[in-house]
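Hi there,

Here is the structure I promised to pass on to you. Have a look at it first, and then read on for what turned up in it.

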Amino acid sequence: LCLAALVSFLGACAGIGPGTVHRDRFDYVSSISESWKRQMLLNLLKVRYFDAPVFMDVASVINAYELTGDVNLSGQLAGVGRGDQFAGLGAAGRYSDKPTITYQPLAGDKFTRSLLLPIPIQGILFLIQSGYPADFVLRCCVNSINGLQNSYGGAGRLQAGDPKFRELILAIQESQAAGGMGMRMKKIADQQSAVMFLRPSKDEAIAAPVRKIRELLALNESASEFNVEYGTYPENDMKIVMLSRSILQILIDLASYFDVPEADLAEGSVYGVPRTSQQEQLFPPLITVRCGPSAPSNAYVSVHYRNQWFWIEDRDIKSKQMFNFTMLLFSLTETGAEHAAPIVTIPAR
């Protein structure tokens, strides 16, 4: 009976590989996702405290399983009354789980592309065209549009923000929702150029925000298409220029909205960002991160730093959206060679 049970067990385990796919695939995805969120929050805090941000990518995940078994049966029968009768049964098995995870620090050329280079203008427009609210994208990703300044919370370059910039991004958002504007790519001098078009309409719901956009950006009244380029000030009234931010600038601006301990502010280990109530009303906080001696158990993401816990509340939809959007922006800065995404390899034997 023991022999039959053991043989049956080994036969059932012959296909161990397929059974692990469902479990391991989701376990690794959840683990990598959670660690990426915590790493992002930690680096935002480091930026706020003038510490060096360090990003570590998961380059690959390789997991190998091995299950082996041996069964030995021996016996000898002798005559009645003999004392040398014996029988033997032996079994041996081995199971091993060997995960190999490879980490790759963000450094050198990849660090420059991912953190220091401005976000491509085309990427910003594609985000708007794909359905992201225009005011949300522009508020986060650009420093200025046709010279109208966005707010900025960097310690070395505080910028209160131009009220006209706020009017502009709200008008663009309203026009986007009403269908009065759009984006497309146009080939100019053997190069792909981004173009914003403003649709003429007798419908006041469409025409009103379009008029506002033309007025604020000083655009040509008769033209309907405008080239969108990287820059500070436009050469003429047929262009829209945006000074886009780098990922590092976005991190610095987001970190300026974090709650930090009063003791850290008093001793000067972290910089404060003086904002008036009028400024906060004009440019509301992009994200809210709380701090305290302990984080709630249901926090969306939390991290321990400098003997304090920092977290984003799970019910704070706006902050969660901004946090996830920041992680998405990393893919827009990859202008060099493509890099492989994390891979889970599980041999099925």
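Which residue of β4 does I145 stand opposite? The partner is L148. Before going further, please keep in mind that this is a predicted model.

**The hairpin and its other neighbour**

I145 belongs to strand β3, which covers residues 142-145. Strand β4 is made of residues 148-149, and 2 bridges join β3 to β4 in an antiparallel arrangement. Together β3 and β4 form a hairpin, with 2 residues between them. In that turn, N146 has a positive phi of about 50 degrees.

β3 is also joined to strand β8 (residues 239-244), by 3 antiparallel bridges. I145 takes part here too, with M242 as its bridge partner in β8. As general background, strands of a sheet pair through backbone hydrogen bonds, either parallel or antiparallel.

While you are looking at this region, find Y233 in the loop between β7 (225-230) and β8. Is Y233 buried or exposed? Its relative accessible area is 60%, so Y233 counts as exposed. Y233 touches G147 and V241, leaving aside residues up to four places away in sequence. The C-alpha atoms of Y233 and G147 are separated by 5.4 Å, although the two residues are 86 apart along the chain.

**The whole protein**

Stepping back, the protein has 11 helices and 12 strands. Of its 349 residues, 39% count as buried. The protein exposes about 18800 Å², and carbon and sulfur atoms supply 55% of that area. Among contacts between residues at least 6 apart in sequence, 65% join residues at least 24 apart.

**Helix α5 and its surroundings**

I would spend some time on helix α5, residues 134-141. Why is α5 described as largely enclosed by the rest of the structure? The reason is that 8 of the 8 residues of α5 are buried. They are A134, D135, F136, V137, L138, R139, C140 and C141, so a charged pair such as D135 and R139 is under the 20% relative accessible area that marks a buried residue.

What covers these residues includes α4 (121-129), β3, α6, β8, α8 (247-255) and α11 (317-329). In α4, the buried residues are I121, G123, I124, L125, L127 and I128. After α4 comes G131, whose phi is positive, near 120 degrees.

The axes of α5 and α6 (residues 163-178) come within 8 Å and cross at roughly 145 degrees. On the α5 side, the contact is made by A134, D135, L138 and R139; on the α6 side, by F165, I169, L170, I172, Q173 and Q176. These residues divide into 6 nonpolar, 2 polar and 2 charged.

**The nonpolar core**

The largest nonpolar core has 68 residues. Its largest share, 6 residues, comes from α5. The residues with the most contacts inside the core are L138, C141, I145, I287, F323, F325 and L329, so you will recognise I145 from the hairpin.

L329 touches I119, L127, C140, C141, I247 and I250, not counting residues up to four places away in sequence. One of these, I247, lies in helix α8 and counts as buried because its relative accessibility is 1%. I247 is also 8.1 Å from T326, C-alpha to C-alpha, with 79 residues separating them in sequence.

**A small sheet, and one more helix residue**

Elsewhere, 3 strands form an open sheet in the order β9-β11-β10, with antiparallel pairing. The edge strands are β9 (290-292) and β10 (301-305), each pairing on one side only. From one strand to the next, the twist averages 25 degrees. Between β9 and β11 (residues 308-312) there are 3 bridges, and G292 has W309 as its bridge partner in β11.

Finally, A208 is found in helix α7, residues 204-217. A208 has a relative accessible area of 28%, so it is partly exposed. A208 and G180 are 28 residues apart in sequence and 9.4 Å apart in space, C-alpha to C-alpha.

Happy viewing, and best wishes

Definitions and conventions:
Residues are numbered from 1 along each chain as its sequence is written. This is a predicted model: local features need pLDDT of at least 70, side-chain atom pairs count only at pLDDT 80 or more; totals for chains, interfaces and linings use all residues. Side-chain values use heavy atoms; hydrogens and water are left out. Axes are lines fitted to C-alpha atoms, for helices over the stretch in contact, and angles run from 0 to 180 degrees between N-to-C directions. Helices (H or I, at least four residues) and strands (E, at least two) are DSSP runs, numbered from the N terminus. Contact means heavy atoms within 4.5 Å. Ala, Val, Leu, Ile, Met, Phe, Trp, Tyr, Cys and Pro count as nonpolar, Asp, Glu, Lys and Arg as charged, and the others, Gly among them, as polar. A nonpolar core is a set of buried Ala, Val, Leu, Ile, Met, Phe, Trp, Tyr and Cys residues joined through side-chain atoms within 4.5 Å. Buried means under 20% relative accessible area, exposed over 50%, partly exposed in between (1.4 Å probe, protein chains only). Two strands pair if DSSP finds at least two bridges between them. Accessible areas come from the Shrake-Rupley method with a 1.4 Å probe; for residues, only the protein chains shown count as cover.
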